[in-house]
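Hello,

Here is the structure I promised to pass on to you. Please open it next to this email, and then read on for what turned up in it.

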Protein chains: 2
Amino acid sequence: MDSEVAKSHPSNSIRRPFSGLSCSICENGSCLIKRNYTALSESDLPYEKNNIRCKKGHQFIMEGAPVNGLFFVLKGKVKVFRTGINGREQIVRFAKEGEIIGHRGFGTEEYYSIGAIALEDTLLCYFSKSSLQKALYKTPEFTYDMMLFYANELNRSESKVKSLSQMTVRERVIDTLLYINRKFGENKGFLNVVLSRKEYADYAGTTEEQVIRIFSILKKEHLIIAKGKRIGINNIELLKKEISEHNYFLDS
Amino acid sequence: MDSEVAKSHPSNSIRRPFSGLSCSICENGSCLIKRNYTALSESDLPYEKNNIRCKKGHQFIMEGAPVNGLFFVLKGKVKVFRTGINGREQIVRFAKEGEIIGHRGFGTEEYYSIGAIALEDTLLCYFSKSSLQKALYKTPEFTYDMMLFYANELNRSESKVKSLSQMTVRERVIDTLLYINRKFGENKGFLNVVLSRKEYADYAGTTEEQVIRIFSILKKEHLIIAKGKRIGINNIELLKKEISEHNYFLDS
DNA sequence: TATGGAAACTGCGTTTTTGTAGTTTTTTGC
DNA sequence: GCAAAAAACTACAAAAACGCAGTTTCCATA
């Protein structure tokens, strides 16, 4: 399967770099990287010894720290944020198993412009900048995939620019709920991740009180349900319809 | 010089793809592409016959049109936008000589999510998707540069997300003025591009009236001057200072 | 340089969003 | 399971942003 994907190279299929890295392999201590890229040998993209286990709440990337490489999420959930005006937190995105963290700093910046915190116990794999550059240099397929990955992230980011500049707060909160739903899915009728109202606000670009107010209204309208911190989406079709004019970008 | 840049390949220097294409060459009819990428031959990235001359106000990319390639701005100024809610226009970015237009659609989308209009008489060079993919496939350096270019755009876009979600309208308008100043520069004390108040608003994510109101205030505070549509920045240090907490990303 | 149309401007009322402060509910650690 | 702490909630007041409608200024063109 891997080789088949690799062969189809210059294509428009959305394929995430590192999609060939399998979690189970790294979990059992000795890590052999299952590769998409047949041209890569062990020495090109060596497995770095420091697989990192993060407890819930641990911040493993600090804003402003020098960029030495990037993280690959093997297992768990992560929030990526930056600190804004008056220390107000801006959540850039959420990440789960199979995604890359810290790639924004890879291109041109010397220091991380974001911080990253584990939302639950999380297993990470770390790749140094130098080993990545070696791999990129040697493997056009890999570089091409990285390019597409960035292009995709750019689309998602621009979609957010649009929503922030044109949607009402209510719409942005709904948009956030749908994003979380796409990203983490549901479990027994509730979103498969527990976030505080403030975290919803920090992603939606508003305040905690606004989120609380709008959640209250949505509950009265039977569009969502809330049991404490756990939120469930009752009528996803109506929610989608409400923001359908605004073509939000699918980012599962 | 070109070959020296090309040799330094896996580096973090910000180098725009196509930076080796020189405007003067294309202007005189017969176009020989001056290349950064020594590995590329004429057949890899052929010069497409349709160099396009756009009159001021001409829209050369329509939203929703199929993506067949991308445009390289040889000369002139362009605004890139998308139409949002209630037909409200959202200006995504401005582009000048040496920049790429339509690259967002290149990655994974089949249709342009943006439109592009020439702000003045503009000369464009068009590259088809297929010839680009061939060139990308063959030339890791080129792909790497494209990757960095996307990474850069991503940073700029995320910076905008931050400003939209955390700045006041006044701050966003100032931010826009500084962006225009960085992008197009000044000429005899005035910004080197003429935009309507509505265009400033569409970039800042607010309304025409707000821009007018804030321009009035800034004039009274002697921070800017306005002679009709032409805007000049009087005290750039104070303006920068006002939004200095918010690390806006330099995008010249 | 006169003129018609477009853009810029202003004041004011309305709506939306935010902030404060105090109460209730939920979560967490022992 | 209990108590303390944290988070969620509510009502109200304040601030920010918006939209309309009418006026003035600018600018391209005849």
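Among contacts in chain A between residues at least 6 apart in sequence, what percentage join residues at least 24 apart? The answer is 72%. Please keep in mind as you read that this is a predicted model.

Let's stay with chain A for a moment. Its secondary structure comes to 9 helices and 12 strands. Chain A has 252 residues, and 59% of them count as buried.

Next, have a look at the inside. The largest nonpolar core is made of 38 residues. Which residues have the most contacts inside this core? They are Met146, Met147 and Tyr150 of chain A, along with Met146(B), Met147(B) and Tyr150(B). Several elements each supply at least two residues of this core: in chain A they are strand 3 (69-75), strand 8 (122-128), helix 4 (129-138) and helix 5 (140-166), and in chain B they are strand 3 (69-75), strand 8 (122-128), helix 4 (129-138) and helix 5 (140-166).

Two cysteines are good practice for reading accessibility. Cys54(A) has a relative accessibility of 4%, so it counts as buried, because buried means under 20%. Cys125(A), with a relative accessible area of 1%, is buried too. As for disulfides, the structure holds 0 of them over all chains.

Now turn to DNA strand D. There are 17 residues around this strand, and those that come nearest are Arg197(A), Ser216(A), Thr206(B), Gln210(B) and Arg213(B). Of the atoms of DNA strand D that come within 4 Å of the protein, 65% belong to sugar and phosphate.

Which classes of residue make up the surface near DNA strand D? There are 8 charged, 7 polar and 2 nonpolar residues. Helix 8 (208-220) of chain A and helix 8 (208-220) of chain B each supply at least two residues of this surface. Helix 8 of chain A gives the most, with 5 residues.

Here are three contacts with DNA strand D that you can find for yourself:

- Ser216(A) has a polar side-chain atom 2.8 Å from a phosphate oxygen of the strand.
- Arg213(B) places a polar side-chain atom 2.8 Å from a base oxygen of the strand.
- Lys229(B) has a backbone N or O atom 3.4 Å from a phosphate oxygen of the strand.

Happy exploring, and do write back with your questions!

Best wishes

How values were computed:
Residues numbered from 1 in each chain as written. Chains lettered and ligands numbered in written order. Predicted model: local features only at pLDDT ≥ 70, side-chain atom pairs only at ≥ 80, totals over all residues. Heavy atoms only, no water. Disulfide = S-S within 2.5 Å. Buried < 20%, exposed > 50% of the residue type's maximum accessible area, 1.4 Å probe, protein only. Near = heavy atom within 4 Å. Polar contact = N/O pair within 3.5 Å; in protein donor to acceptor, adjacent residues only side chain to side chain. Helix = DSSP H or I, 4+ residues; strand = E, 2+ residues; numbered from the N terminus. Nonpolar A, V, L, I, M, F, W, Y, C, P; charged D, E, K, R; others polar. Core = buried A, V, L, I, M, F, W, Y, C linked by side-chain atoms within 4.5 Å. Contact = heavy atoms within 4.5 Å.
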